[in-house]
Amino acid sequence: MNQTSIWQQILDQSHRADPYPLYAELRRTPVVRVEDGSYVVSTYREIVALLHDPRLSSDVRNLPELAAGASAQGTDEGPATLPPSFILTDAPEHDRLRRLLTRNFGPPHRPGRIDSMIPHMFEIVTSEIDSFVGTDRSGTTRVDIVDDFAYPFPVTVICQLLGVPREDEPRFQAMSDAVVQAGDPSTGGIVERQQRRAKAVADLGQYFAQLLDARHGLQGDDLLSGLLSGGGDETPMSPEEILSNAALLLVAGHETTVNLVTNGMLTLLRHPEVLDRLRRGDEPDLAARVVEELLRYEPPVQILSNSRNTLDDIEIAGTTIPKGSPVVLVLASGSRDPDFVPDPDRFDPDREHNEHLGFGGGIHYCFGAPLARPETQIALTELAHRLKNPRLVVDPPPYRASPSLRGPRHLLVDLDGVNPGPHRPP
C-alpha cells in the first residue's frame with residue numbers, strides 16, 4: 001500500500017477510533033509527499049528537528065498558493081479579517097505577542113495565576129459530578145463524560161480566565177467549531193480551509209470586540225483586561241491583535257482539554273488497574289504521570305496541518321522538502337515511534353523517561369500547557385475517586401470528525417452512583 005493511500009485512510013473518519021496502526025505504516029517512510037502537495041512527517045526525531053528549525057515557518061502568509069489566491073481575489077470586498085494569532089507567526093513577531101500574553105498568564109509577572117484558579121477548578125468539577133443523578137430501574141446512572149463533564153469544565157475555566165461570560169457559550173461555540181473544522185485536512189485544500197478559518201476567526205473577533213466595548217474604562221483581573229492595559233515597556237498589541245489572539249485562546253483553551261479529559265477517562269476505563277491506583281490515592285504523583293502518559297499515548301492534538309511551510313529547501317530523512325511547501329507534522333505518530341519510545345503502544349504511567357509531542361515543541365510549545373495539566377489531573381482524579389463502578393457503554397465510542405483534534409464525540413458511562421465529595425489531594 002502506498003503512503004498516499006495510508007494518509008487518505010488516516011483522514012477518513014472510519015479510522016478515527018484507532019489510527020495508530022496506520023501511523024505505524026506511515027512511519028515506514030518518515031517523510032512523504034501526499035496528493036495535495038503537502039509533505040507529511042511522521043517520525044519522532046524528524047518532527048523534533050523540524051519543530052526547532054527556523055526554516056520551517058508557522059506563518060501561513062508564506063505559502064505561495066495562499067499569496068496567489070489573495071492576488072486572484074483582487075479588490076473584491078470580503079469579510080473583515082484579523083491579523084494572524086501568535087501561533088501563526090514567526091520570530092520576532094511571535095515572540096512579542098507571546099510575551100504580552102504570558103505577562104497576563106504566568107511567570108514572571110503573574111506567577112500565581114494558574115495556582116490561584118485551582119480551588120475554583122475543584123468547585124467546578126465537584127458541581128458537575130454532583131449533578132450525575134438519575135437512575136433507571138436497575139439503580140444505574142448513565143452519564144456522557146463529554147457533554148456532562150469534559151466539555152463544560154474547561155469552557156467554564158477558560159471563560160473565567162479570559163473574562164468571557166459563561167452564558168455566552170451558545171454564541172461562540174458554533175464559531176469555535178468552524179475554526180476547528182478549518183484545521184481538518186480532510187475538509188478541503190489549504191487555501192479553502194484558510195479562507196474558512198479567517199472567516200470564523202473574524203466572526204469570533206466581532207464577538208470579542210463587543211465584549212471589549214462593553215468594558216471600556218473598567219478594570220478587571222481577567223486576561224482581556226490585562227491585554228487592554230498594555231505591556232509595560234513592550235509595544236502593546238493592537239486592537240486587532242487582541243481580538244485575534246483572544247479568539248485563539250478561547251478555542252484552544254477548551255477544545256484540546258475536552259479531548260484530553262475524555263481520552264483520559266476512556267483510557268483509564270480500558271486500564272482498570274491504573275484507574276484503581278488513582279482511586280486509592282496512595283501515590284501522590286500518579287495523576288501527573290498519568291496525564292503525561294496520556295499526552296504521549298492518546299494526545300488531543302494528533303496532527304499539525306494548518307500552517308507549517310518551508311522558507312528554504314530542507315533535507316530531512318533523505319528527502320528534500322522544497323521551499324514553499326506545506327508541511328504536516330503527525331505528532332501522535334512521533335510520540336509512538338518505536339525507534340525513540342520503548343514499547344510505544346503500551347499505556348504505562350510508570351515510564352522512567354517520557355518525552356512526548358503532546359504539546360508540540362520549539363518556540364510554539366503549547367501556551368496553555370500550564371493550565372491543561374492541572375485541569376486534567378483534577379478532572380481524572382475526582383472522576384476516579386467519586387464514580388462508583390464506572391463502565392463503558394460502547395467501546396469504541398463515536399469520534400469527532402477531525403483527525404487533527406481527535407477525541408470521542410460522546411463517552412457514555414454507566415455507574416452505580418457517586419461517592420460523597422469532593423476528594424482533595426493530600
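This report walks through the confidence, cores, cysteines and charged pairs of a predicted model.

## Confidence in the model

Let us start with how far the predictor trusts its own work. The protein has a mean pLDDT of 90, and 94% of its residues reach 70 or more. One stretch to treat with care is residues 71–79, where the pLDDT is below 50. Beyond near neighbours in sequence, that stretch has two contacts in the model.

## The nonpolar cores

If you turn to the interior, the largest nonpolar core comprises 100 residues. Within it, Phe172, Phe208 and Leu329 have the most contacts. Among the helices, look for α12, spanning residues 239–270: this helix gives the most to the core, contributing 15 residues.

Leu329 is a good place to pause. Leaving aside residues up to four places away in sequence, Leu329 touches Val41, Ile47, Leu50, Leu51 and Leu56, and also Gln302, Ile303 and Leu304. There is also a second core, separate from the largest one, with 15 residues. Its members include Ile6, Val34, Val330 and Ala332.

## A buried glutamate

Glu128 sits in helix α6, which covers residues 113–130. This residue is buried yet has no salt bridge. The nearest side chain of opposite charge belongs to Arg166, and it is 6.1 Å away; because a salt bridge requires the nitrogen and oxygen to be within 4 Å, this pair does not count as one.

What does Glu128 touch, not counting residues up to four places away in sequence? The list is Asp148, Phe149, Pro152 and Phe153.

## Cysteines without disulfides

A search of the whole structure turns up zero disulfides. Take Cys159 as an example: the nearest cysteine sulfur is that of Cys366, 18 Å away. Why is Cys366 in no bond with Cys159? The closest cysteine sulfur to that of Cys366 is the one in Cys159, and at 18 Å it is too far for a bond.

The two residues also sit in contrasting surroundings. Cys159 counts as buried because its relative accessibility is 2%, while Cys366, at 27%, counts as partly exposed.

## Salt bridges

The structure holds 27 salt bridges. In one of them, Arg409 pairs with Asp147, with the closest N and O atoms 3.1 Å apart. Arg409 lies in the loop between β9 (391–392) and β10 (412–415), whereas Asp147 belongs to helix α7 (residues 145–150), so the pair ties together parts that are 262 residues apart in sequence. Arg409 is partly exposed, its relative accessible area being 32%, and Asp147 counts as partly exposed at 37% relative accessibility.

Arg346 is worth a visit too. It meets Asp343 in a salt bridge of 2.5 Å, N to O, and forms another with Asp348, where the closest N and O atoms are 3.1 Å apart. Arg346 is partly exposed, with a relative accessible area of 40%. Asp343 counts as partly exposed at 43%, but Asp348 counts as buried at 13% relative accessibility. Elsewhere, a network of salt bridges links Arg277, Glu283, Asp285, Arg289 and Asp350.

Methods:
Residues are numbered from 1 along each chain as its sequence is written. This is a predicted model: local features need pLDDT of at least 70, side-chain atom pairs count only at pLDDT 80 or more; totals for chains, interfaces and linings use all residues. Side-chain values use heavy atoms; hydrogens and water are left out. pLDDT is the predictor's confidence in each residue, from 0 to 100. Contact means heavy atoms within 4.5 Å. A nonpolar core is a set of buried Ala, Val, Leu, Ile, Met, Phe, Trp, Tyr and Cys residues joined through side-chain atoms within 4.5 Å. Buried means under 20% relative accessible area, exposed over 50%, partly exposed in between (1.4 Å probe, protein chains only). Helices (H or I, at least four residues) and strands (E, at least two) are DSSP runs, numbered from the N terminus. Lys and Arg count as positive and Asp and Glu as negative; His and the chain ends are not counted. A disulfide is a pair of cysteine sulfur atoms within 2.5 Å.
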